[in-house]
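Hi,

Here is the structure I promised to pass along. Have a look at it first, and my notes on what turned up follow below.

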Amino acid sequence: MIKSSRKMRRKKAFSVVAALILLFLAFIFLAPTILTISSSFFSQSELSSNYGMIFDGAGSGGSYVSERINLKFIPDKVSFSQYKTVLFLSPDYLLKFWNSVVYTVPIMVFQAAVACLAAYGFTRFRSRVRELILFVYIIVMLMPYQVTLVPNFLVAEKLGLIGSMWSIILPGIFSPFCVFLLTKAMRKIPTAVVEAAKLDGCNEFQIFFKIYVPLCKNIIYSVMILVFIDYWNMVEQPLILLTDEAKYPLSVFLSKINSSEVGIAFAVAVIYMVPTLLIFLYGEQYLVEGIANSGSVKG
């Protein structure tokens, strides 16, 4: 009894220590986000008194801050002036936000659609040539985007797409990332299910839409979430492929906010985070289940 009680105490102590460590790590991880949200409600004078020396040093080319920074998570007085400026007085920010939506949503939807069709082809009609093409897909997927940016630029230039929204959307639609994940998922679906569907008189389109797509629903949602997050935060593509700053997404425009508009930068950053957070919170279950159980016969 004494030994068992000691073990119970040790387990409880270990659980408490582990929970405290995890809470500390979670706070460290969430601290920048919490600080960004709280700072967006600071007045301009409070921002200048707390963080002014950082941005003044950055503006003058300096990289060392000699004074101690006062990190505050709770404002002395809540101010909505930054949000008023962003939402009502300065339409440029909302225009850039809309640009991000226009670029990201079509890429997310059509990349998933193209990937589903390509993955179905790689799964149902296997041959040496198709396996070689899939291997090339994997090689291209492993390359960082900076490597393929120059070929994308040259192709877009030949097609006369430089400066248009299609120079961003078309390469995104045909990205190999989703094809690889969906192919791995579809190849785990038992062939017995397909053979049973054929015996019931289903053709290839019916097999695709009534068997493969429903069984891969979770992984499809997962890749759509990952694609949205990836292209919502894109920076290199617009800078290289777009020539008009009016077409820049908000991810690029954030870096162009000068040091005298620190409060506006915090407010814009919070607004910029909202779609990603909403999509992640809504699709968290699909994301986890899709990655963990991709290709299972569970619906």
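**Helix packing and the core**

Let me start with one helix pair: H5 and H8 lie oblique to each other. Before going further, keep in mind that this is a predicted model.

The numbers behind that pair are simple enough. The axes of H5 (residues 128-142) and H8 (residues 177-186) come within 9 Å and cross at roughly 130°. That angle is over 115 but not over 145, so the pair falls into the oblique class. As for handedness, H5 and H8 make a left-handed crossing. On the H5 side the contact uses Leu134, Tyr137, Ile138 and Met141, which meet Phe177, Val179, Phe180 and Thr183 of H8. Sorted by type, the residues of this contact come out as 7 nonpolar, 1 polar and no charged.

The other pair I looked at is H4 (residues 91-124) with H7 (residues 166-173), whose axes come within 8 Å and cross at roughly 25°. With an angle under 35 degrees, H4 therefore counts as roughly parallel to H7. Here the crossing is right-handed. From H4, the residues Val102, Tyr103, Pro106, Ile107, Phe110, Gln111 and Val114 meet Ile168, Ile169, Gly172 and Ile173 in H7. This contact divides into 9 nonpolar residues, 2 polar and no charged.

Now for the core. How many residues does the largest nonpolar core have? There are 51 in it, and those with the most contacts inside it are Val86, Ile168, Leu182, Met186, Ile207, Tyr212 and Cys216. Helix H4 gives the most to this core, contributing 10 residues. Ile168 also belongs to the H7 side of the contact with H4.

I also checked the surroundings of Ile207, one of those core residues with the most contacts. Leaving aside neighbours within four places in sequence, Ile207 touches Tyr120, Arg124, Val194, Ala197, Lys198, Cys202 and Tyr212. Tyr212 is itself on the list of core residues with the most contacts.

Finally, the overall picture. The protein has 14 helices and 0 strands, so to speak an α element at every step from the N terminus on. Of its 299 residues, 36% count as buried. Among contacts between residues at least 6 apart in sequence, 78% join residues at least 24 apart.

Shout if you want to go through any of this together.

Cheers

Note on methods
Residues numbered from 1 in each chain as written. Predicted model: local features only at pLDDT ≥ 70, side-chain atom pairs only at ≥ 80, totals over all residues. Heavy atoms only, no water. Core = buried A, V, L, I, M, F, W, Y, C linked by side-chain atoms within 4.5 Å. Buried < 20%, exposed > 50% of the residue type's maximum accessible area, 1.4 Å probe, protein only. Helix = DSSP H or I, 4+ residues; strand = E, 2+ residues; numbered from the N terminus. Contact = heavy atoms within 4.5 Å. Axes fitted to C-alpha atoms, helices over the stretch in contact; angles between N-to-C directions. Parallel < 35°, antiparallel > 145°, perpendicular 65-115°, else oblique. Left-handed = near helix turned anticlockwise from the far one by under 90°. Nonpolar A, V, L, I, M, F, W, Y, C, P; charged D, E, K, R; others polar.
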